[in-house]
Amino acid sequence: MQDNLPELRDIHLPTDTISLFPLAYGWWVILSIIIGAVVLFFAVRCLLKKSKKRYALKLLSQVQNEGLSAAVKMSEILRRICVYKYKNAAALFGKDWIDFLNGHAKYKLEGKAADLLRDAPYIGSQSSVYNQEDVKELYLFCKNWIGDNL
(Lines give C-alpha, C1' and ligand atoms only; values in the text may rest on other atoms or scores of the structure.)
Protein backbone atom coordinates (compact mmCIF):
# COMPACT_ATOMS: atom_id res chain seq x y z
CA MET A 1 0.00 0.00 0.00
CA GLN A 2 1.15 3.43 -0.79
CA ASP A 3 1.89 5.93 1.85
CA ASN A 4 -0.45 8.98 1.32
CA LEU A 5 0.57 10.80 4.46
CA PRO A 6 3.19 13.03 2.79
CA GLU A 7 0.45 14.54 0.58
CA LEU A 8 -1.66 15.65 3.58
CA ARG A 9 -1.13 19.15 4.79
CA ASP A 10 -1.90 20.75 8.11
CA ILE A 11 -5.10 22.76 8.64
CA HIS A 12 -4.37 26.48 8.75
CA LEU A 13 -6.74 28.73 10.69
CA PRO A 14 -7.46 32.19 9.30
CA THR A 15 -5.30 34.82 10.93
CA ASP A 16 -7.63 37.78 10.36
CA THR A 17 -11.09 38.11 11.86
CA ILE A 18 -14.07 38.12 9.56
CA SER A 19 -15.21 41.68 8.78
CA LEU A 20 -18.82 42.84 8.86
CA PHE A 21 -18.25 45.10 5.89
CA PRO A 22 -18.89 45.17 3.02
CA LEU A 23 -22.42 44.11 3.76
CA ALA A 24 -24.29 41.82 1.44
CA TYR A 25 -26.90 43.29 -0.90
CA GLY A 26 -29.80 42.15 1.26
CA TRP A 27 -28.63 44.26 4.19
CA TRP A 28 -28.35 47.33 1.95
CA VAL A 29 -31.93 46.75 0.79
CA ILE A 30 -33.20 46.47 4.38
CA LEU A 31 -31.25 49.58 5.40
CA SER A 32 -32.65 51.58 2.48
CA ILE A 33 -36.20 50.46 3.31
CA ILE A 34 -35.80 51.61 6.92
CA ILE A 35 -34.35 54.98 5.88
CA GLY A 36 -37.11 55.41 3.27
CA ALA A 37 -39.80 54.64 5.85
CA VAL A 38 -38.39 57.21 8.29
CA VAL A 39 -38.18 59.88 5.58
CA LEU A 40 -41.72 59.07 4.41
CA PHE A 41 -43.05 59.27 7.97
CA PHE A 42 -41.63 62.75 8.53
CA ALA A 43 -42.72 63.94 5.07
CA VAL A 44 -46.32 62.81 5.64
CA ARG A 45 -46.33 64.35 9.10
CA CYS A 46 -45.09 67.68 7.70
CA LEU A 47 -47.65 67.62 4.88
CA LEU A 48 -50.52 66.92 7.27
CA LYS A 49 -49.46 69.77 9.51
CA LYS A 50 -49.20 72.18 6.59
CA SER A 51 -52.47 71.00 5.09
CA LYS A 52 -54.37 71.90 8.28
CA LYS A 53 -52.91 75.38 8.14
CA ARG A 54 -53.65 75.68 4.43
CA TYR A 55 -57.25 74.53 4.96
CA ALA A 56 -57.81 77.01 7.80
CA LEU A 57 -56.36 79.87 5.75
CA LYS A 58 -58.56 78.88 2.81
CA LEU A 59 -61.66 79.01 5.03
CA LEU A 60 -60.54 82.36 6.36
CA SER A 61 -60.04 83.84 2.90
CA GLN A 62 -63.52 82.66 1.85
CA VAL A 63 -65.21 84.64 4.62
CA GLN A 64 -63.03 87.74 4.33
CA ASN A 65 -65.44 89.84 2.26
CA GLU A 66 -68.71 88.99 4.00
CA GLY A 67 -68.93 92.12 6.11
CA LEU A 68 -69.80 91.87 9.80
CA SER A 69 -70.95 88.25 9.48
CA ALA A 70 -67.33 87.41 8.64
CA ALA A 71 -66.38 88.11 12.26
CA VAL A 72 -68.68 85.35 13.47
CA LYS A 73 -67.20 82.91 10.97
CA MET A 74 -63.65 83.94 11.88
CA SER A 75 -64.42 83.22 15.50
CA GLU A 76 -65.79 79.82 14.49
CA ILE A 77 -62.60 79.03 12.56
CA LEU A 78 -60.46 80.00 15.56
CA ARG A 79 -62.63 77.85 17.83
CA ARG A 80 -62.32 74.89 15.48
CA ILE A 81 -58.55 75.20 15.68
CA CYS A 82 -58.78 75.37 19.46
CA VAL A 83 -60.90 72.22 19.56
CA TYR A 84 -58.09 70.52 17.66
CA LYS A 85 -55.08 71.99 19.45
CA TYR A 86 -56.15 73.60 22.76
CA LYS A 87 -59.02 71.49 24.05
CA ASN A 88 -59.84 73.53 27.15
CA ALA A 89 -59.91 76.88 25.31
CA ALA A 90 -62.86 76.05 23.07
CA ALA A 91 -65.31 76.80 25.87
CA LEU A 92 -63.95 80.28 26.60
CA PHE A 93 -65.97 83.36 25.72
CA GLY A 94 -65.86 87.12 26.15
CA LYS A 95 -62.72 88.68 27.57
CA ASP A 96 -61.26 85.27 28.48
CA TRP A 97 -61.47 84.22 24.82
CA ILE A 98 -59.70 87.39 23.66
CA ASP A 99 -57.04 87.02 26.38
CA PHE A 100 -56.43 83.42 25.38
CA LEU A 101 -56.01 84.36 21.72
CA ASN A 102 -53.67 87.23 22.60
CA GLY A 103 -51.68 84.91 24.84
CA HIS A 104 -50.95 82.60 21.91
CA ALA A 105 -50.16 85.29 19.33
CA LYS A 106 -47.28 87.59 18.50
CA TYR A 107 -49.64 90.24 17.15
CA LYS A 108 -52.18 91.28 19.80
CA LEU A 109 -55.84 91.95 19.09
CA GLU A 110 -56.99 95.20 20.72
CA GLY A 111 -59.55 97.93 20.42
CA LYS A 112 -62.61 97.74 18.23
CA ALA A 113 -61.42 94.60 16.43
CA ALA A 114 -61.26 92.74 19.75
CA ASP A 115 -64.70 94.04 20.64
CA LEU A 116 -65.94 92.92 17.23
CA LEU A 117 -64.68 89.38 17.78
CA ARG A 118 -66.26 89.30 21.23
CA ASP A 119 -69.59 90.89 20.23
CA ALA A 120 -70.03 89.59 16.67
CA PRO A 121 -72.57 86.86 17.44
CA TYR A 122 -74.79 89.35 19.23
CA ILE A 123 -74.92 92.29 16.80
CA GLY A 124 -77.05 92.58 13.71
CA SER A 125 -75.66 92.74 10.21
CA GLN A 126 -77.02 96.30 9.79
CA SER A 127 -75.19 97.64 12.84
CA SER A 128 -73.07 100.75 12.31
CA VAL A 129 -70.95 100.29 15.44
CA TYR A 130 -68.23 98.43 13.53
CA ASN A 131 -66.90 99.15 10.06
CA GLN A 132 -65.01 97.26 7.37
CA GLU A 133 -61.63 98.39 8.76
CA ASP A 134 -62.35 96.53 12.01
CA VAL A 135 -63.16 93.40 10.02
CA LYS A 136 -59.90 93.75 8.06
CA GLU A 137 -57.92 94.13 11.26
CA LEU A 138 -59.64 91.05 12.68
CA TYR A 139 -58.87 89.15 9.47
CA LEU A 140 -55.16 90.03 9.72
CA PHE A 141 -55.11 88.92 13.35
CA CYS A 142 -56.78 85.61 12.49
CA LYS A 143 -54.37 85.02 9.62
CA ASN A 144 -51.35 85.67 11.85
CA TRP A 145 -52.79 83.61 14.69
CA ILE A 146 -53.38 80.63 12.41
CA GLY A 147 -49.85 80.98 11.05
CA ASP A 148 -48.42 80.99 14.58
CA ASN A 149 -50.52 78.17 16.01
CA LEU A 150 -50.88 75.58 13.25
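**Stop 1: the cysteines**

Start with disulfides: this predicted model holds zero of them. A disulfide is a covalent bond between the sulfur atoms of two cysteines. Select C142. How far is its sulfur from the closest cysteine sulfur? The distance is 11 Å, and the partner is in C82. That is too far for a bond. Show both residues and draw the distance between the two sulfurs to see the gap of 11 Å.

Now check the surface around C142. Is C142 buried or exposed? C142 is buried, because its relative accessible area is 0%. Move on to C46. Here the relative accessible area is 36%, so C46 counts as partly exposed.

**Stop 2: the end of helix 5**

Select residues 132-149. This is helix 5, and N149 belongs to it. Show the side chain of N149. N149 is buried, because its relative accessibility is 4% and the cut-off for buried is under 20%.

Which backbone oxygen should you look for around the side chain of N149? Try H104: its backbone oxygen lies 2.9 Å from a polar atom of that side chain. Then select W145. The backbone oxygen of W145 also lies 2.9 Å from a polar atom of the N149 side chain.

Next, add K85, Y86 and H104 to the view. These are the residues N149 touches once its neighbours within four places in sequence are set aside. H104 therefore appears twice at this stop: its backbone oxygen is 2.9 Å from a polar side-chain atom of N149, and H104 is listed among the contacts of N149.

**Stop 3: a pair in helix 3**

Now for charges. Side chains of opposite charge can pair when their charged atoms come close. How many salt bridges does the structure hold? The count is three.

Select residues 94-103, which form helix 3. Show the side chains of K95 and D99. They meet in a salt bridge, with 3.1 Å from N to O. Count along the helix: K95 and D99 are four residues apart, about one turn.

Turn on the surface. K95 is exposed, because its relative accessible area is 55%. D99 has 37% relative accessibility, so D99 is partly exposed.

**Stop 4: a network around R118**

Select residues 111-119. This is helix 4, home to both D115 and R118. The two are three residues apart, about one turn of the helix. Their side chains form a salt bridge at 3.0 Å, N to O.

Keep R118 on screen and add D119. The side chains of D119 and R118 meet in a salt bridge too, at 3.4 Å from N to O. What links D115, R118 and D119? A network of salt bridges does.

Check the surface once more:

- D115 is partly exposed, at 26% relative accessible area.
- R118 is partly exposed, at 33%.
- D119 is partly exposed, at 23%.

**Stop 5: colour by confidence**

Finish by colouring the chain by pLDDT. The mean for the protein chain is 82. Of its residues, 94% reach 70 or more. Which element has the lowest mean pLDDT, and which the highest? Helix 4 has the lowest, at 82. Select residues 25-62 for helix 1, which has the highest, at 88.

Conventions:
Residues numbered from 1 in each chain as written. Predicted model: local features only at pLDDT ≥ 70, side-chain atom pairs only at ≥ 80, totals over all residues. Heavy atoms only, no water. Buried < 20%, exposed > 50% of the residue type's maximum accessible area, 1.4 Å probe, protein only. Polar contact = N/O pair within 3.5 Å; in protein donor to acceptor, adjacent residues only side chain to side chain. Contact = heavy atoms within 4.5 Å. Salt bridge = Lys/Arg side-chain N within 4 Å of Asp/Glu carboxyl O. Disulfide = S-S within 2.5 Å. pLDDT = per-residue confidence, 0-100.
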